Amino acid sequence: MSILVDKNTRLLVQGITGNEGLFHTTQMVAYGTQVVAGVTPGKGGEWVLDKIPVFDSVKMAVEATGANTSIIFVPARFAPDAIFEAADAGIPLIVCITEGIPVQDMMRVRHYLDQKKVRLIGPNCPGLLTPGEAKVGIIPGNIAIPGNVGIVSRSGTLTYEVLYALKLRGIGASTCVGIGGDPINGTSFTDVLEMFERDPQTEKVVLIGEIGGTDEERAAEFIAARMTKPVVAFIAGQTAPPGKRMGHAGAIIEGGAGTAADKIRALQAVGVRVARHPEEIAEIVANL
Amino acid sequence: MKLHEYQSKQIFARYGIPIPRGRIAETAAAARQIAEELGGRAVIKAQVLVGGRGKAGGVRLARDAQEAEQLATQILSMEIKGLPVRKVLVDEAASIEQEIYLGITNDRAARKPVIMASAAGGVEIEEVARQTPEKIIKVHVDPLLGLREYQARDIAVFLDLPREYWRSFIAITQGLWRAYVENDATLAEINPLVITRDQRLLALDGKMIIDDNALFRHPDLAEMRDVDEDAPAEVEARKYGLSYIKLDGSIGCMVNGAGLAMATMDIIKYFGGEPANFLDVGGGASAEKVAAALRIILSDPNVKAVLFNIFGGITRGDVVARGILTALEEVKPRVPMVIRLVGTNAEEGRQMLAQANMITAETLAEAAQKAVAAAKAM
């Protein structure tokens with residue numbers, strides 16, 4: 001077991017013929033993910049890697065291949081439309097890697113998806129990895145092994161660090177979920193914690209947060225109320241100055257809210273072990 | 001991207017929001033000329049992209065054109081929170097009965113736009129929110145449905161606005177909503193919106209922040225960016241697609257990934273140093289980007305050591321190392337370089353860097369300690 005993606009995932013790649021899309025499709029196929037279709041409007045009828053059919057629309061791709069998950073690699077100005085298209089074609093799980101989608105677009109996307117009961121991971125995220133089963137995203141496959149630690153993070157390379165440090169200690173992951181660094185995203189920490197709590201393979205959870213917003217504080221409330229599995233956390237941005245966007249659109253302390261100190265306090269108050277630096281995360285997990 | 005008051009008000013005016021008559025001046029003589037046109041009495045307002053300009057003496061009332069010139073001279077020679085004042089807005093002076101706050105922003109937690117209003121206008125809304133939150137009304141707007149007229153009316157009722165102002169207030173609120181949506185703002189704020197003695201509603205001050213990610217569809221707004229107000233190194237970084245923020249410490253950081261970059265700054269502090277900057281060099285860490293990033297980091301005279309923290313995932317460590325070495329040959333840094341490479345082919349990469357006399361480290365903790373020590377030895 002795992003969450004969200006596994007060896008039965010039938011993946012569709014939106015933007016499959018672009019540079020990014022093609023590169024990561026190759027990587028995902030090499031990892032063993034079942035990539036069943038691609039979509040690039042205007043390139044329907046072509047083939048990618050000699051075996052993946054390309055369609056003009058998501059609807060046609062779903063009808064022909066039974067794809068049940070979509071990953072989006074299209075530029076920011078087209079990404080909201082790509083998400084709407086996937087949702088309207090009946091795809092229940094959409095992973096959007098694209099960075100730089102305007103925040104008002106994301107508010108409209110999120111409200112539309114909520115009405116449709118479609119799950120979006122991201123945007124501005126590295127996607128999902130269930131080691132040994134499926135890679136739906138850009139997380140390097142060779143840095144993680146299968147195991148019992150669920151990982152959820154707003155970050156990219158910081159998450160890779162943790163996966164890799166765990167692997168060096170022989171510790172594996174059930175599923176690694178990158179929820180993305182944007183202020184408005186499709187899936188929150190709490191959503192993923194709830195899935196890990198229910199997943200029998202996951203025994204421990206690592207939560208990697210950062211400055212901005214209050215998603216970590218809400219996660220702390222959920223942990224106190226519902227979580228039985230131990231959670232280890234790390235919050236990046238303790239030295240970040242207020243009012244400055246630290247790379248990620250969502251990583252900003254505004255009006256005194258969203259500081260690392262507030263988040264660490266909220267998590268510690270509900271019994272979460274908070275690592276002082278990234279390497280300590282694997283150490284704490286190993287000793288749980 | 002923050003807009004100046006005069007830019008924000010010009011946008012508001014396009015949406016039917018009444019603003020005072022006035023123009024922008026870059027010299028005291030021009031300020032005098034504008035004041036004369038306005039009939040003498042005028043408000044001279046420093047245009048800088050920081051809060052607190054009123055307290056700093058950057059907003060002054062002139063009784064006549066001559067005084068307008070004197071005050072403009074003073075204000076144009078000021079620095080407010082380190083930013084030199086290059087322009088003043090010369091506005092007609094209004095006589096004020098009441099001050100209202102009206103603003104629209106993104107509520108992250110609710111994932112919706114929120115309109116906030118208060119009869120306690122003229123002061124910072126954060127301050128009102130802290131001290132007297134009951135004086136603020138918050139109305140969330142469905143992003144798919146848009147602002148409904150009844151919502152604007154509800155706000156007017158909450159503010160105890162006399163009925164004769166309702167129609168005009170609703171029109172202003174709707175105009176502000178359109179300005180917020182059509183310009184992809186993350187903040188559109190009128191503070192204060194005043195009732196004048198001659199019984200008009202007037203937007204005396206305005207502020208807009210535009211979503212940087214949406215500038216691709218607003219070339220007109222992108223041109224309004226006042227690069228004079230940004231640190232030169234940040235402007236330079238933007239050209240190369242690098243995300244750089246200058247801080248006050250002595251250890252420069254070059255990291256791939258925003259989260260990892262923040263974590264690297266934090267660990268420097270944890271081991272007793274102070275980070276000089278935030279810098280995300282992006283995915284591949286190519287030689288060209290690394291060289292540009294290094295030049296930017298070293299343009300800060302406080303930097304006594306540079307810490308590279310690169311996670312090679314899909315990009316192999318030896319390729320990253322080669323990129324770093326090429327960049328170092330070009331830039332020839334004068335301070336010690338500590339490099340930590342992890343991930344695929346990291347060992348090979350580390351050997352290449354060690355042979356080139358870089359200080360290398362296997363763990364982030366080790367790298368941070370070495371960088372702190374190197375900076376202290378300088």
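This is a short tour of a predicted two-chain model, moving from the chain contact to a few backbone spots.

**Before you start**

Residues are numbered from 1 along each chain as its sequence is written, and chains are lettered from A and ligands numbered from 1 in the order in which they are written. Because the model is predicted, local features need pLDDT of at least 70, side-chain atom pairs count only at pLDDT 80 or more, and totals for chains, interfaces and linings use all residues, while side-chain values use heavy atoms, with hydrogens and water left out.

Color chain B by pLDDT, the predictor's confidence in each residue, from 0 to 100. Chain B averages 92, and 99% of its residues score at least 70. The model scores ipTM 0.94 and pTM 0.93.

**Stop 1: the contact between the chains**

Show both chains. Counting contact as heavy atoms within 4.5 Å, 50 residues of chain B and 60 residues of chain A take part. The two chains bury about 4,300 Å² between them, 61% of it on carbon and sulfur atoms; buried area is the accessible area (1.4 Å probe) that two parts lose on being put together, summed over both. Now select Arg108(B), Arg111(B) and Ile314(B): within chain B, these lose the most area to chain A, together 19% of what that side buries.

**Stop 2: a salt bridge**

Next, select Arg217(B) and Asp105(A). They form a salt bridge, with their closest N and O atoms 3.0 Å apart. The rule (a side-chain nitrogen of Lys or Arg within 4 Å of a carboxyl oxygen of Asp or Glu) finds four salt bridges across this interface.

Then highlight helix α9 (residues 258-270) of chain B, which gives 10 residues, the largest share of the side of chain B that touches chain A. Helices here are DSSP runs (H or I, at least four residues) and strands are too (E, at least two), numbered from the N terminus.

**Stop 3: two cis bonds**

Zoom to Gly122(A) and Pro123(A): the peptide bond from one to the other is cis, with omega near 10°. Pro123(A) sits in the loop between β7 (119-121) and β8 (127-130) of chain A. In chain B, the bond from Asn191(B) to Pro192(B) is cis, with omega near 10°; Pro192(B) lies in strand β10 (residues 185-196).

**Stop 4: a positive phi**

Finish at Lys117(A), in the loop between α4 (103-116) and β7 of chain A. Lys117(A) has a positive phi of about 60° although it is not a glycine. Is Lys117(A) buried or exposed? It is exposed, at 72% relative accessibility (buried means under 20% relative accessible area, exposed over 50%, partly exposed in between, with a 1.4 Å probe and protein chains only).
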